[in-house]
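Work through the following exercises with the sequence and the model open. Each task is followed by a solution in steps.

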Amino acid sequence: MFGLEALDLARMQFAFTISFHILFPAITIGLASYLAVLEGLWLKTHNDTYRDLYHFWSKIFAVNFGMGVVSGLVMAYQFGTNWSRFSDFAGSVTGPLLTYEVLTAFFLEAGFLGVMLFGWNKVGRKLHFFATVMVAIGTLISTFWILASNSWMQTPQGFEIVNGQVIPTDWLAVIFNPSFPYRLMHMATAAFVATAFFVGSSAAWHLLRGKDNPAIRTMLSMAMWMALIVAPIQAVIGDFHGLNTLKHQPAKIAAIEGHWENIGDEPTPLILFGWPDMKAEKTRFAVEIPYLGSLILTHSLDKQVPALKEFPPEDRPNSTIVFWSFRIMVGLGFLMIFTGLWSLWLRKRDKLYTSRPFLYLALWMGPSGLIAILAGWFTTEIGRQPWVVYGLMRTADASSNHSFMQMSITLILFVVVYFALFGAGLGYMMRLVRKGPKIDEGKETSDGGPGKQRTPARPLSAADDDDADSEHSLTKEI
């Protein structure tokens, strides 16, 4: 049907489930660190605004964390159900790495999450802050192990193959494989940037609706400082990551650039836009800038970038997809940098919270970080094809022996269940965002906080139905 085979459906199913899943850990990583910063600032300054923001975002964090755990379990099961031959081949590497993630990160998060969410008036301030910090560290440790596993599949090191199976010989080489440091920094930074724009978009929505208070202003201010500082850093990290990819996965870079062949000793131009045609082996409607491809990708004006025609057709990634997914990611990155710079310009003129054109931009940029993460993952994973373990095992040899009908049924079920379950979860989370922080929470005591008697935070409570703005939503505003 439509020229698809069981393997294609297996790949589609994995891509669909991981696309849903990756959104939740990205926000979880950023929000966990944001909550730690908020509580730390409250403890240091005794400014109740930080406390109120902590309670507000802890509710959203709790919902997001739960959806991330549930969607992550599905990913683990798919290795055994749909990719059993891959598990048999590389399970001795990927299995322990994922186990280390559970033993370190997940247990750390689970151990302190209850204290963080429900222990606000039951434990001391320092212990509660310690629990929040531990949860934040746990999310970063989880990122460490997941990226170590995925990076090893991109640039495998520290192993030997015995009887058709990968046997680790040097765990330090396995973990700290050549692409791991760049991919870890790139993903962690992307999570922080995505969260910053999510927070900033929420603040912009409330300001546009006329809800202006210190908590909302603090949300927007902190988010824009993060965008101003971290978005340019992410661009630098991306440049180093690109140089590393050129060294270890040149075919991926050639596909990303839509670059088919080198002409003599001429430097490689940068193709801004075009349509890579895999059958015709050329990029149609190409808009090129001479020399710029060599300058960006090799940091010189005379070196050439490997071209797709230098690789056998069966070893070429799908340039049509990764060419555009990469440009979506980079384009959104430039918009993020622009938004941060504009916020600085407005901040100096005391118009950050009143400029409606800027607030609308901040509102629309809310999902930009998550979209950029998805585009980046598509570039990374599709650019690795046709290999599931680069240079060692092809994707066609990694899948389980399922029929087309079996894969069709499971894919349809996944789509229906995911949209129903996680759609409801996302709707609930946006309902919490719509309500906004309560600036009067905890006024029955002089300062509130851990160890003080007051109304406990309810991290899973939703917005009241009689909220003055209940008839509105972020979706309707957009």
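Two rings of Phe, Tyr or Trp (its six-membered ring) are counted as a pair if their centres lie within 6.5 Å; planes under 30 degrees apart are stacked, those over 60 are edge-to-face, and the rest are tilted. The model is a predicted one.

**Exercise 1. Aromatic pairs**

Task: State how many aromatic pairs the rule gives, and classify the pair Phe-20 and Phe-419.

Solution.
- Step 1. The count is 29 aromatic pairs.
- Step 2. The ring centres of Phe-20 and Phe-419 are 5.5 Å apart and the planes stand at 90°, so this pair is edge-to-face.
- Step 3. Phe-20 belongs to helix 1 (residues 6-45) and Phe-419 to helix 13 (residues 404-435), so the contact ties together parts 399 residues apart in sequence.
- Step 4. Phe-20 has 13% relative accessibility and therefore counts as buried, the cut-off being under 20%.

**Exercise 2. A pair within one helix**

Task: Classify the pair Phe-414 and Tyr-418, and place the two residues along helix 13.

Solution.
- Step 1. For Phe-414 and Tyr-418 the centres are 5.7 Å apart and the planes are at 70°, so the pair is edge-to-face.
- Step 2. The two residues are 4 residues apart in helix 13, which means a separation of about one helical turn.
- Step 3. An α-helix has 3.6 residues a turn, so residues three or four places apart point the same way.
- Step 4. Phe-414 and Tyr-418 are both buried.
- Step 5. One aromatic cluster contains Phe-16, Phe-20, Phe-24, Phe-414, Tyr-418, Phe-419 and Phe-422.

**Exercise 3. Arg-327 and its partners**

Task: Which ring lies under the charged end of Arg-327, and which side chain meets Arg-327 in a salt bridge?

Solution.
- Step 1. The ring is that of Phe-323; the charged end of Arg-327 sits over it, 3.6 Å from its centre.
- Step 2. The salt-bridge partner is Glu-257, at 3.8 Å from N to O.
- Step 3. Glu-257 is in helix 8 (residues 250-257) and Arg-327 in helix 10 (residues 319-348), so the bridge ties together parts 70 residues apart in sequence.
- Step 4. Glu-257 counts as buried at 8% relative accessibility, and Arg-327 counts as buried at 14%.
- Step 5. Another charge over a ring is found at Arg-394, whose charged end lies 4.4 Å from the centre of the Trp-387 ring.

**Exercise 4. Other salt bridges**

Task: How many salt bridges does the structure hold, and is Arg-51 buried or exposed?

Solution.
- Step 1. There are 9 salt bridges in the structure.
- Step 2. One of them joins Arg-51 to Asp-48, with the closest N and O atoms 3.5 Å apart.
- Step 3. Arg-51 and Asp-48 are 3 residues apart in helix 2 (residues 48-81), which means about one helical turn between them.
- Step 4. Arg-51 is buried, with a relative accessible area of 1%, whereas Asp-48 is partly exposed at 28%.
- Step 5. A network of salt bridges links Asp-48, Arg-51 and Asp-52.
- Step 6. Arg-284 and Asp-277 also form a salt bridge, their closest N and O atoms being 2.9 Å apart. Arg-284 is partly exposed at 32% relative accessibility, and Asp-277 is buried at 18%.

**Exercise 5. A nonpolar surface patch**

Task: Which elements give two or more residues to the nonpolar patch?

Solution.
- Step 1. The patch consists of Leu-272, Phe-273, Trp-275, Phe-285, Val-287, Ile-289 and Trp-324, with about 700 Å² of accessible area together.
- Step 2. The elements asked for are strand 3 (270-277) and strand 4 (282-289).
- Step 3. Phe-273 is located in strand 3 and is partly exposed at 47% relative accessibility.
- Step 4. Phe-285 is located in strand 4 and is exposed, with a relative accessible area of 71%. Its phi is near 55°, a positive value in a residue other than glycine.

**Exercise 6. Helix 12 and the loop after it**

Task: Compare the expected span of helix 12 with the distance between its end C-alpha atoms, and describe the peptide bond between Gln-385 and Pro-386.

Solution.
- Step 1. Helix 12 (residues 368-384) has 17 residues, and at 1.5 Å a residue the span should be 24 Å.
- Step 2. The end C-alpha atoms are 24 Å apart, which agrees.
- Step 3. Of the 17 residues in helix 12, 15 are buried.
- Step 4. The bond joining Gln-385 and Pro-386 is cis, with omega about 10°. Pro-386 is in the loop between helix 12 and strand 5 (387-389).

Terms used:
Residues are numbered from 1 along each chain as its sequence is written. This is a predicted model: local features need pLDDT of at least 70, side-chain atom pairs count only at pLDDT 80 or more; totals for chains, interfaces and linings use all residues. Side-chain values use heavy atoms; hydrogens and water are left out. Buried means under 20% relative accessible area, exposed over 50%, partly exposed in between (1.4 Å probe, protein chains only). A charge sits over a ring if NZ of Lys or CZ of Arg is within 6 Å of the ring centre and within 35 degrees of the ring normal. A salt bridge is a side-chain nitrogen of Lys or Arg within 4 Å of a carboxyl oxygen of Asp or Glu. Patches are made of residues with over 30% relative accessible area and no salt bridge: like charges are joined within 9 Å, nonpolar side chains (Val, Leu, Ile, Met, Phe, Trp, Tyr) within 5 Å. Accessible areas come from the Shrake-Rupley method with a 1.4 Å probe; for residues, only the protein chains shown count as cover. The expected span of a helix is 1.5 Å times one less than its number of residues.
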